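Please look through the structure below before reading my numbered points. I have kept the notes short and explained the terms along the way.

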Amino acid sequence: MTAFGKLIRTTAFRLTLVYLFLFALFAASLLGYFAWNTRRLITEQITTTVNAETGEISDIFARRGLRGLVFTLENRALRPGANLYLVTTPAGQAIAGNVGSLAPGVMATSGWSETAYRRLDEQDSADHHALVRVTELSSGFRLLIGRDLEERRRLFGIVAKAAQWSVLIVVVLGLGGGVFVARRVLRRIDAMTGTAQRIMAGDLSGRLPVGRSGDEIDRLAENLNAMLERIEALMVGLKEVSDNIAHDLKTPLTRLRNRAEEALAKSGTEAEYRTALERTIEESDGLIRTFNALLMIARAESGQARGNMDNFDAADVANGIHELYEPLAEDGGMTLHVKTESAPLHGNRELISQALANLVENAIKYGKPVSAAPPPIAGAISAADQREILIEARRAGDRVLLSVTDHGPGIPVADRKHAVERFVRLEASRTQPGSGLGLSLASAVATLHGGDLRLDDAHPGLIATLAIPALSGVSDGLAAQTHDVPQKAA
């Protein structure tokens with residue numbers, strides 16, 4: 001397709017043609033209305049003048065008779081720019097006036113009419129047009145008084161020519177402006193098309209150009225760039241997941257196979273076989289939990305879990321998690337407490353429960369104090385308090401905060417961003433069981449609900465908080481719902 005063909009096919013050029021047609025139609029209508037009103041005003045002026053003069057001359061005829069009428073018309077006919085005058089007998093014979101000829105039948109009918117005429121003193125044979133009034137006088141005489149319409153014709157011609165030139169100028173400027181706008185838009189669209197083609201070819205780092213005008217194309221480009229950044233992040237995450245699965249799951253699968261092979265080679269009694277099978281089942285359960293966690297993260301990051309969202313109270317979720325994990329915390333030498341207030345929100349209860357459960361499990365595993373020695377300074381946390389884990393659910397402004405606080409070693413500030421990635425396990429936690437997906441799932445769930453996962457210092461320890469937009473316009477007293485039993489993911 002030629003450059004001109006692409007140009008005239010653009011939406012901008014077509015819209016310009018539409019606006020051009022509408023504007024030209026408006027301009028023509030406006031000038032036509034002006035011409036029509038001008039014609040009407042001139043006609044009204046003629047009729048007013050002719051009516052006044054007809055009344056005056058009729059009065060002269062009534063007072064002075066035919067002789068006075070003829071004398072008056074002859075005098076007035078000699079004036080420069082005089083009106084048309086004609087008096088005829090009842091038989092139609094001209095007596096006085098400055099009209100040489102008229103269209104047939106004009107004098108036979110009283111009233112107003114437009115007619116062709118020639119003056120007596122004109123040498124040419126061309127007909128002119130006039131607006132005349134014929135009045136019947138006493139004794140059958142007829143009086144014609146009129147005015148030439150040349151002035152009205154000239155003015156109408158001026159307006160018509162101005163309309164033609166105006167429409168022509170509008171068309172030329174409109175087409176020129178349309179071509180300019182269309183070429184400018186086409187350049188921007190072509191630039192976007194080129195970037196899109198590079199992206200389709202595999203270069204996900206490409207971004208659409210954004211100008212400085214802030215118009216709708218720039219806003220579209222900004223939104224598309226945000227979408228591309230999200231797609232690139234998802235693709236990078238997918239690659240990381242694939243790499244992590246290939247790397248981190250290879251070891252447990254190899255260990256699972258080696259144990260089965262060892263059982264076949266060395267086990268001889270039923271008890272030994274049973275022990276080998278139990279260890280194999282335990283290892284398989286760990287792999288299943290890892291895959292389930294990956295599926296949950298994928299569902300959360302892709303937005304598939306939005307279809308199961310409902311209104312509920314975050315306090316119910318916190319109380320349910322406390323009840324479920326309190327025995328596990330006691331077995332680990334920790335004390336689990338809960339502090340809640342009504343905090344309604346809208347979301348996927350199952351995923352939020354799972355995310356909070358992951359935070360509690362991490363606190364139980366990694367939140368043990370580094371040393372049980374008494375605090376060296378006054379006001380510091382006691383050894384008993386250092387073994388406490390606090391679950392909180394509260395509302396802060398337009399956010400619902402679900403937090404888990406422990407007093408363990410915490411996470412260094414430099415490692416917090418890295419800690420929420422899949423399969424990432426910091427040095428202090430490598431000796432503990434787990435897959436390194438707990439914080440990843442919690443972060444994905446928070447993002448799904450329009451919130452975020454915050455990791456802060458507890459001095460000492462860590463405060464892991466799910467900050468999720470609160471449900472507005474709902475009373476604090478939501479009905480209690482059945483507590484969720486989350487599946488372990490970390």
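1. How much area does the protein chain expose, and what share of it do carbon and sulfur atoms supply? The protein chain exposes about 28,000 Å², and carbon and sulfur atoms supply 57% of it, where accessible areas come from the Shrake-Rupley method with a 1.4 Å probe and, for residues, only the protein chains shown count as cover.

2. This is a predicted model, in which local features need pLDDT of at least 70 and side-chain atom pairs count only at pLDDT 80 or more, while totals for chains, interfaces and linings use all residues. Residues are numbered from 1 along each chain as its sequence is written, and side-chain values use heavy atoms, with hydrogens and water left out.

3. Of the 490 residues in the protein chain, 38% are buried, a word that stands for under 20% relative accessible area, whereas exposed stands for over 50% and partly exposed for what lies in between (1.4 Å probe, protein chains only). Tyr19, by contrast, is exposed, with a relative accessible area of 58%, and is found in helix H2, residues 11-77. Helices (H or I, at least four residues) and strands (E, at least two) are DSSP runs, numbered from the N terminus.

4. An open sheet of 5 strands follows the order E8-E10-E11-E13-E12, with mixed pairing; two strands pair if DSSP finds at least two bridges between them. Strand E8 (335-340) and strand E12 (452-457) stand at the edges with a single partner strand each, so one side of each is left without a neighbour in the sheet.

5. Within this sheet, strands E10 (residues 388-396) and E11 (residues 399-406) run antiparallel and are joined by 7 bridges, and Arg395 stands opposite Val400 in E11.
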